[in-house]
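This report concerns a single protein model with a bound ligand. Please consult the sequence and the structure shown below while reading.

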Amino acid sequence: MHVSVLRSTGLIEAPVATVGAALRHTRTAEVGLAGIGVRGRAATRPAALLVPGDELVFHTRIARLPLDLTTRIVRADADALSSVLVSGPLPELRHESVLAAAGPRTLLTDSLHWTTPFGPLGRLADVAIGRRFVLNALAARIDAVRELAESWASRSIVVGAAIVHKGRLLAQQRSYPAPDAGRWELPGGRVEPGEDEPTAVVRECWEELAVEVRPTGRVGTDVPLNNGMLLRIHAAELADPAAIPKAVEHNEVRWVTADELTDLDWLDADQVLVHSLRQLLTNT
Ligand SMILES: Nc1nc2c([nH]c(=O)n2[C@H]2C[C@H](O)[C@@H](COP(=O)(O)OP(=O)(O)OP(=O)(O)O)O2)c(=O)[nH]1
């Protein structure tokens with residue numbers, strides 16, 4: 001077997017959580033590579049952020065040879081997205097995007113690892129996935145991520161609080177507007193002008209639950225909302241562990257375990273965060 005690795009990097013004018021969202025967007029897979037003749041499409045999700053388990057189908061022709069690949073997302077975290085080969089003409093293929101904060105900007109490192117067997121099939125595969133082709137594909141992908149992330153970076157932020165207590169997450173059920181009534185979300189709301197995000201988390205939780213919380217760090221990637229804003233989740237804990245949150249303006253508040261997370265009818269934006277919320281519960 002012959003193992004190949006190619007890497008490409010780019011500096012993007014947006015925070016890590018926003019670049020993480022752009023990496024996960026189906027559009028990055030669908031149009032990011034179109035310029036170099038690769039047709040990609042999300043096989044399992046029409047238009048949203050990819051979650052672990054989603055599959056992508058790619059089709060191209062190299063030197064007149066058709067090349068079809070199906071990959072599966074195995075990780076979609078705040079600072080990394082990775083996928084592996086499900087079917088295609090190679091024994092192994094792994095794609096990894098890793099993010100690191102560089103001040104207010106984000107350094108994206110994209111790498112493709114693949115294995116080709118020795119012999120004629122191996123030579124064919126190496127021609128098919130040539131070095132120049134892969135580098136062009138990675139550069140096109142970074143451009144697509146940059147365009148999306150930089151267009152989202154100026155959006156107003158809605159903070160959501162992932163309050164964890166005794167291994168459970170607090171979810172609340174909306175009472176309005178009609179299409180969202182009965183669906184579940186995290187406490188939170190718009191960040192006001194001049195306010196920082198942790199302060200907005202504390203204020204919104206006080207207004208919605210009548211308890212004081214302490215923000216402890218970010219969770220998952222941002223999620224672009226249909227109203228033109230970005231949803232950004234902060235983990236939090238109760239300042240007084242004995243305090244009991246109340247549903248001030250919601251139908252109900254509920255403490256849910258990791259296993260119960262998928263039982264709730266979450267708002268669309270929150271559905272793509274459920275795997276990150278599960279990780280938060282299993283790691284704390
Ligand atoms: N708080 C919160 N909002 C969410 C979540 N998911 C999600 O799509 N949203 C949307 C719903 C709203 O359009 C927006 C939150 O803004 P908001 O809290 O200021 O707005 P609202 O509609 O609840 O109430 P209003 O103050 O505008 O009357 O973000 C979530 O998990 N928590």
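The sections below describe the ligand site, followed by selected elements, residues and backbone features of this predicted model.

## Ligand site

The ligand is surrounded by 14 residues, of which Arg174, Leu186, Gly188, Arg190 and Asp270 come nearest. Three of these residues place a polar side-chain atom close to a ligand oxygen atom: the separation is 2.4 Å for aspartate 270, 2.8 Å for arginine 190 and 3.1 Å for arginine 174. Of the 610 Å² of accessible area that the ligand has on its own, the protein covers 73%.

The ligand takes up the space of the largest pocket. Two elements give two or more residues each to the surrounding shell, namely strand S11 (188-190) and helix H6 (268-271). S11 supplies the largest share, with three residues. Divided by class, the shell contains seven nonpolar, four charged and three polar residues.

## Helix H1

Helix H1, which spans residues 16-24, is mostly covered, and nine of its nine residues are buried. The buried positions are Val16, Ala17, Thr18, Val19, Gly20, Ala21, Ala22, Leu23 and Arg24. The list thus includes a charged residue, Arg24.

## Strand residues 9 and 173

Threonine 9 belongs to strand S1 (residues 2-12). Its relative accessibility is 52%, and threonine 9 therefore counts as exposed. In sequence, threonine 9 is 133 residues away from isoleucine 142, yet the C-alpha atoms of the two residues are 7.8 Å apart in space.

Glutamine 173 is part of strand S9 (residues 168-173). This residue has a relative accessibility of 15% and so counts as buried, because the limit for a buried residue is under 20%. The side chain of glutamine 173 makes a polar contact with the backbone oxygen of glycine 182, at 3.0 Å.

## Loop residues 247 and 210

Alanine 247 is located in the loop that links strand S13 (230-238) and strand S14 (252-256). With a relative accessible area of 31%, alanine 247 is partly exposed. Its C-alpha atom is separated by 8.3 Å from that of alanine 210, a residue 37 positions away along the chain.

Alanine 210 is itself a loop residue, placed between helix H5 (197-209) and strand S12 (213-224). Its relative accessibility of 29% means that alanine 210 counts as partly exposed.

## Backbone features

Most residues other than glycine have a negative phi, and most peptide bonds are trans. Against this background, which residues does a cis peptide bond join? The bond lies between tyrosine 176 and proline 177, and its omega is about -15 degrees. Proline 177 is situated in the loop between S9 and strand S10 (184-185).

Positive phi values in residues other than glycine are found at lysine 166, near 50 degrees, and at alanine 210, near 60 degrees. Lysine 166 sits in the loop between strand S8 (157-165) and S9. Is lysine 166 buried or exposed? Its relative accessibility is 75%, so lysine 166 counts as exposed.

How values were computed
Residues are numbered from 1 along each chain as its sequence is written. This is a predicted model: local features need pLDDT of at least 70, side-chain atom pairs count only at pLDDT 80 or more; totals for chains, interfaces and linings use all residues. Side-chain values use heavy atoms; hydrogens and water are left out. A residue is near a molecule or strand if one of its heavy atoms lies within 4 Å of it. A polar contact is a pair of N or O atoms within 3.5 Å; within protein, one must be able to donate a hydrogen and the other to accept it, and residues adjacent in sequence count only if both atoms are side-chain atoms. Accessible areas come from the Shrake-Rupley method with a 1.4 Å probe; for residues, only the protein chains shown count as cover. On a 1 Å grid over the protein atoms alone, a cavity is a set of points where a 1.4 Å probe fits but cannot get out, and a pocket is an open set with protein on both sides within 12 Å along at least five of seven lines; lining residues have an atom within 4 Å of a point. A molecule sits in a cavity or pocket if more than half of its atoms lie within 2 Å of its grid points. Helices (H or I, at least four residues) and strands (E, at least two) are DSSP runs, numbered from the N terminus. Buried means under 20% relative accessible area, exposed over 50%, partly exposed in between (1.4 Å probe, protein chains only).
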